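Please work through the exercises below with the sequence and the model side by side. Each task is followed by a solution that goes step by step.

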Amino acid sequence: MSVHKKKQGPWKVFIAIILGMIIGSLTQQGSTLFNYTFPVYDLCGKIFINALTLVVVPLVSSSIITGIARIGNEAAFGRLGAKVFGFYLGTSLVAILIGLLFVNLLKPGFMIEPEKIATAMNIADIQKHLATEETNKFTDILLQIVPSNIIDTFGRGQMLGLIFFSLIFGYCISKIESHPSSILMTFWQGIFQAMIRFTHIIMKFLPLGVFFLVARVFSEAGFKSLQSLGFFTLAVLLGLAVFMFIALPLLLKIIAKVQPLRHFKAMAPALITAFSTSSSSATLPITMDCVEKRAGVSNRICSLVIPLGTSINMSGSALYECVAAMFVAQAYGIDLSFTTQFILVLLALITSIGVAGIPSASLVAVIAILKAVGLPIEGIGLFIAVDRVLDMCRTTTNVFSDSCCAILVARTEGEKEVLTKEAMD
């Protein structure tokens, strides 16, 4: 997808959001048109959600398999490979916990009346299902993680088993003989690239999908839903800001012992590009140039950490996915226990590996998490109106997080010139 198209995309989506708000409000519950228009909004919105759900299994599995196999191959770097993966997981976990804190503090979903958005499903059944399974939750999770039939798991879209299989399978690919390993890598990379293209095709219909989903929400809840949407946006932005401007700089200061402000200055071109394109993949060449030429990281580390991070280190996306899932649960009046929230954290951590570096790809990951926990996937309609704007912010965070990991690895490997005045001149 060209940069030109990416820059044009948001305007179509913003127009669709405004039209969805206006038309949905004009055909609200109580109006004579509601009984005729709502089924249309509901059907078309479900078709779009089904199209997104369609790519979840092959996209997530192929992305995780190729990403983990690549890490396994890079394990020849020994200590370096372990550091890279450790920093990726650590920073993403910090981001998710920050997001979880803000969504529990602000509680944006509780501002929506559940009965107004529960017309298409029986929320009581979902709550009963979660309650009855709570006592056996741990054993049920273990059984889902290690399934007896992987084909059935793929067919049912059971994300826990799919992710476990993909992680182990990707690692095993990296440990077998080079010839069959390269064949399997080519196969899964081909699937991943094909699914990226598939996702691009679906995203061409994003404005239409957004229109029907937003119109559906506003025809049910009206402009009252704007308050909850505003607090949801605030929770995400606060989480991203704390992670990007406090947590990561602290890591740079304490572990890498460098000046965070210098790093922000070095990464400015990449951050601007990431914000404008909403694509970490499109920003990759500029990110590598900033990290190597402006921040002073060696090519040996930059060429490993940054491309790998673009594929599997999506800290901002992981934060967003966790907040979005919690928002949906709150909106539908579904109480999530500490155990279920812990599962959400793990799922957000792992599925962030399978998020493609393209605009709005986190919607696919959010659907995967909602399916895994048993929450209604129709809930994405509650926040899709602000997804495009937040996508720009979380992509910027993703790119900055990748660059910070490169700095951390370089400094712990003994590189003295990183972010020094000499390196940045």
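**Exercise 1.** What is the handedness of the crossing of H12 and H18? Describe the packing of this pair as well.

*Solution.* The model is a predicted one, and the steps below should be read with that in mind. Begin by finding the two elements, helix H12 at residues 260-277 and helix H18 at residues 387-412, whose axes lie 8 Å apart and pack at an angle of about 145°. The crossing of H12 and H18 is right-handed. Next, look at who takes part: on the H12 side the residues include His263, Phe264, Met267 and Phe275, and these belong to a group that meets residues of H18, among them Arg388, Met392, Phe400 and Cys404. Sorted by class, the contact of H12 with H18 holds twelve nonpolar residues, five polar ones and one charged one.

**Exercise 2.** How many disulfides does a search of the whole structure find, and how far from Cys404 is the nearest cysteine sulfur?

*Solution.* The search of the whole structure returns zero disulfides. For Cys404, the nearest cysteine sulfur is that of Cys405, at a distance of 7.2 Å, and since a disulfide needs the two sulfur atoms within 2.5 Å, Cys404 is in no disulfide. Taken from the other side, Cys405 has the sulfur of Cys404 as its nearest cysteine sulfur, 7.2 Å away, and is likewise in no disulfide. As for exposure, Cys404 has a relative accessibility of 1% and therefore counts as buried, and Cys405, at 1% relative accessibility, counts as buried too.

**Exercise 3.** Are H13 and H14 roughly parallel or roughly antiparallel to each other?

*Solution.* Take helix H13 (residues 280-294) and helix H14 (residues 299-312), whose axes come within 10 Å of each other and cross at roughly 155°. Angles over 145 degrees count as roughly antiparallel, and H13 and H14 are therefore roughly antiparallel to each other. Their crossing is right-handed. The residues that meet include Leu284, Met288 and Val291 in H13, and Cys302, Ile306 and Pro307 in H14. By class, the contact of H13 with H14 is made up of six nonpolar, six polar and one charged residues.

**Exercise 4.** Which residues of H15 and H16 make the contact between these helices?

*Solution.* First place the pair: helix H15 covers residues 315-331 and helix H16 covers residues 338-351, with axes that come within 8 Å and cross at roughly 145°. H15 passes H16 in a right-handed crossing. From H15, the contact draws on Ala318, Glu321, Cys322, Ala325 and Met326, while H16 supplies Gln341, Leu344, Ala348 and Thr351. In terms of class, six of the residues in the contact of H15 with H16 are nonpolar, two are polar and one is charged.

**Exercise 5.** Which residues is Asn104 in contact with, leaving aside its neighbours within four places in sequence?

*Solution.* Asn104 lies in helix H3, which spans residues 79-106. With the sequence neighbours set aside, Asn104 is in contact with Met326, Gln330 and Gln341. Two of these names, Met326 and Gln341, also appear in the contact of H15 with H16. The C-alpha atoms of Asn104 and Phe327 are separated by 9.2 Å, although the two residues are 223 apart along the chain. With a relative accessible area of 27%, Asn104 is partly exposed.

**Exercise 6.** Where do Lys107 and Lys257 lie, and what is the phi of each?

*Solution.* Lys107 is placed in the loop between H3 and helix H4 (114-117), and its phi is near 45°, a positive value in a residue other than glycine. Lys257 lies in the loop between helix H11 (225-256) and H12, and has a positive phi of about 55° although it is not a glycine. Turning to accessibility, Lys107 is partly exposed, at a relative accessible area of 38%, whereas Lys257 is exposed, at 60%.

**Exercise 7.** How many helices and how many strands does the protein have?

*Solution.* The secondary structure comes to 19 helices and zero strands. Of the 425 residues of the protein, 55% count as buried.

Notes
Residues are numbered from 1 along each chain as its sequence is written. This is a predicted model: local features need pLDDT of at least 70, side-chain atom pairs count only at pLDDT 80 or more; totals for chains, interfaces and linings use all residues. Side-chain values use heavy atoms; hydrogens and water are left out. Axes are lines fitted to C-alpha atoms, for helices over the stretch in contact, and angles run from 0 to 180 degrees between N-to-C directions. Helices (H or I, at least four residues) and strands (E, at least two) are DSSP runs, numbered from the N terminus. Angles under 35 degrees count as roughly parallel, over 145 as roughly antiparallel, 65 to 115 as roughly perpendicular and the rest as oblique. A crossing is left-handed if the near helix is turned anticlockwise from the far one by less than a right angle, and right-handed if clockwise. Contact means heavy atoms within 4.5 Å. Ala, Val, Leu, Ile, Met, Phe, Trp, Tyr, Cys and Pro count as nonpolar, Asp, Glu, Lys and Arg as charged, and the others, Gly among them, as polar. Buried means under 20% relative accessible area, exposed over 50%, partly exposed in between (1.4 Å probe, protein chains only).
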